[in-house]
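Student: Could we go through this structure together, one question at a time?
Tutor: Gladly! Have a look at it first, and then ask away.

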Amino acid sequence: MSVRNALLGLLAQRPRHGYDLRAAFQAVVGGEENWDVKPAQVYTTLARLEESGLVQEEGIDQGSGPEKRIYAITPAGRTELRAWLTSSIERYDQRDEFFLKLMLALSTGEADPSKVIQTQRTALYQELHAITAQRQRADPKTELAQILLLDKAVMHLEADLRWLDMIESRLDEVKRQPLPEPEAKPRGRPKKIAD
Amino acid sequence: MSLVQTENLTKVYGKGDTAVTALDHVNLTVNPGEFVAVMGPSGCGKSTLLHLIGGLDRATEGRVLLGGHDLSRLDDVKLTELRRRQIGFVFQFYNLIPVLDAVENVALPLVLDGVKQNTARAKATAWLQKMGLGDRLANRPDHLSGGQQQRVAIARALVAEPALVLADEPTGNLDTRAGDEIASLLRQIADDWGRAILMVTHDPRIAAYADRIIFLKDGRVVDETRLSGNGTDETKRVMAKMEAI
């Protein structure tokens, strides 16, 4: 839903054509490497927004190259946008591939859990180093928005690294406990109770 | 060639049943112009390692080579001299002299080494300006923020133009923002001035500024992570820079 709402927001700034919309989206999320939206998704989303009466075609850009249809937000679109802007986003889910790896390393014995942690720690530190360098290059006088997004990445990586330290320090304890197993449930159809 | 090399570096405090091994056969190297972070839980031997490499304490076993000199073979006078000329120290609580102003604090290592007052003051002023403290020259430490005090301490560490800077939790007493500024400055000292930095920290965010992280646990090196570039290229680049200076 968020791409759809973001496109509405970008059209609330000013009317745009699809190509322009995609470029504006990529710029505001901090680049394709952060959040890549394919042109096809932009065009299908625009079509759906138009069907729902949230945007409308406003004219055609006849510059050089192919004609581009320009879209503008409608009053209904603004209402929808305001509702999105003033509501909170959904909580992060707890899906974590590293956690899964660690649990399976512990239960299968196919890899040393300490090594699994170490490998992940190396990768996180390398990423943190790269982001720190990128953040140092950014100019706080003109690129504060990007810096704030990089700060978020730094803080998340920091939290992940501290979490790894915590797991490492309690690994022996974890090893002594049974791993999470599904609750035993009767299989198949419930048996009919003889009357 | 490595600037710092430790060979089976071991430090045992106490004797017999009460002996505590703080460092246990540590082998590591630091190249010229390299920024290396040392991490590990408290009591892992981080500070002991820094003290031994800095010649502030002597090893029980093994040795430290600094620029090819074996520290264990130097007498106290020679060791003090080498420390003053080859190594800069940065501490968590800055360790500035409260009654001296910024210039006097920074000039102190030169003055102690017999450099003339005027020359020492001129050099101190130049380093303070490089640290962005050109307008704080006559301030005493209690008239400087924590981040500014640490920048004075870094200027003092660099004033004798040492090849190695040892930093013990340099951001430990600072808030996140000032801490980032200090880490960024240490990065610059390695990149722009070709100094090697060995920094002890427990803060992942600060460690990430380094080129390499060495992890210590119970006095041993348990892991080592390279964060940037290829070691040899990096060294060549720094060597070229040092020759240019």
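Student: How many residues from chain A and from chain B take part in the contact?
Tutor: Keep in mind that this is a predicted model. A residue joins the contact when its heavy atoms come within 4.5 Å of the other chain. On that basis, the contact takes 18 residues from chain B, and from chain A it takes 15 residues.

Student: Which three residues supply more of the area that chain A buries against chain B than any other three?
Tutor: The size of an interface is often given as the accessible area lost when the parts come together. Here, chain A and chain B bury about 1400 Å² between them, with 56% of it on carbon and sulfur atoms. On the chain A side, 41% of the buried area comes from A:Y125, A:H129 and A:Q136.

Student: Which element gives the largest share of the side of chain A that touches chain B?
Tutor: Across this interface there are six residue pairs in polar contact. The elements of chain A that give two or more residues to the touching side are α6 (113-137) and α7 (144-169). The largest share, nine residues, comes from α6(A).

Student: How do the residues of that side of chain A divide into nonpolar, polar and charged?
Tutor: Let's take the groups one by one. Four residues are charged and five are nonpolar, while the polar ones number six.

Student: Which residue of chain A meets B:R205 in a salt bridge?
Tutor: Side chains of opposite charge can pair when their charged atoms come close. The rule finds two salt bridges across the interface of chain A and chain B. B:R205 also belongs to a network of salt bridges that links A:E158, A:R162, B:D180 and B:D203. At 3.1 Å from N to O, the side chain that meets B:R205 is that of A:E158.

Student: How many residues apart in sequence are the parts that A:R22 and A:D36 tie together?
Tutor: The structure holds 32 salt bridges over all chains, and one of them joins the side chains of A:R22 and A:D36 at 3.5 Å, N to O. A:R22 lies in helix α2 (residues 18-28) of chain A, whereas A:D36 lies in the loop between α2 and α3 (39-51), so the pair ties together parts whose separation in sequence is 14 residues.

Student: Is B:R195 buried or exposed?
Tutor: B:R195 forms a salt bridge with B:E161, and their closest N and O atoms are 3.2 Å apart. Its partner B:E161 has a relative accessible area of 41%, which makes B:E161 partly exposed. For B:R195 the relative accessible area is 8%, and buried means under 20%. B:R195 is therefore buried.

Student: And is B:D135 buried or exposed?
Tutor: B:D135 meets B:R136 in a salt bridge, at 3.3 Å from N to O. B:R136 has 26% relative accessibility and counts as partly exposed. The value for B:D135 is 57%, and the cut-off is over 50%, so B:D135 counts as exposed.

Student: Which residue does a polar contact join to A:D20?
Tutor: A:D20 is found in helix α2 of chain A. At 19% relative accessibility, A:D20 counts as buried. A polar contact of 3.4 Å joins its side chain to that of A:R16.

Student: Which helix of chain A has the highest confidence?
Tutor: Chain A averages a pLDDT of 90, and 96% of the residues score at least 70. Confidence is lowest in strand β2 (residues 55-61), at a mean of 90, and highest, at 96, in helix α4 (residues 75-85) of chain A.

Note on methods. Residues numbered from 1 in each chain as written. Chains lettered and ligands numbered in written order. Predicted model: local features only at pLDDT ≥ 70, side-chain atom pairs only at ≥ 80, totals over all residues. Heavy atoms only, no water. Buried area = accessible area lost by both parts, 1.4 Å probe. Salt bridge = Lys/Arg side-chain N within 4 Å of Asp/Glu carboxyl O. Polar contact = N/O pair within 3.5 Å; in protein donor to acceptor, adjacent residues only side chain to side chain. Helix = DSSP H or I, 4+ residues; strand = E, 2+ residues; numbered from the N terminus. Nonpolar A, V, L, I, M, F, W, Y, C, P; charged D, E, K, R; others polar. pLDDT = per-residue confidence, 0-100. Buried < 20%, exposed > 50% of the residue type's maximum accessible area, 1.4 Å probe, protein only.
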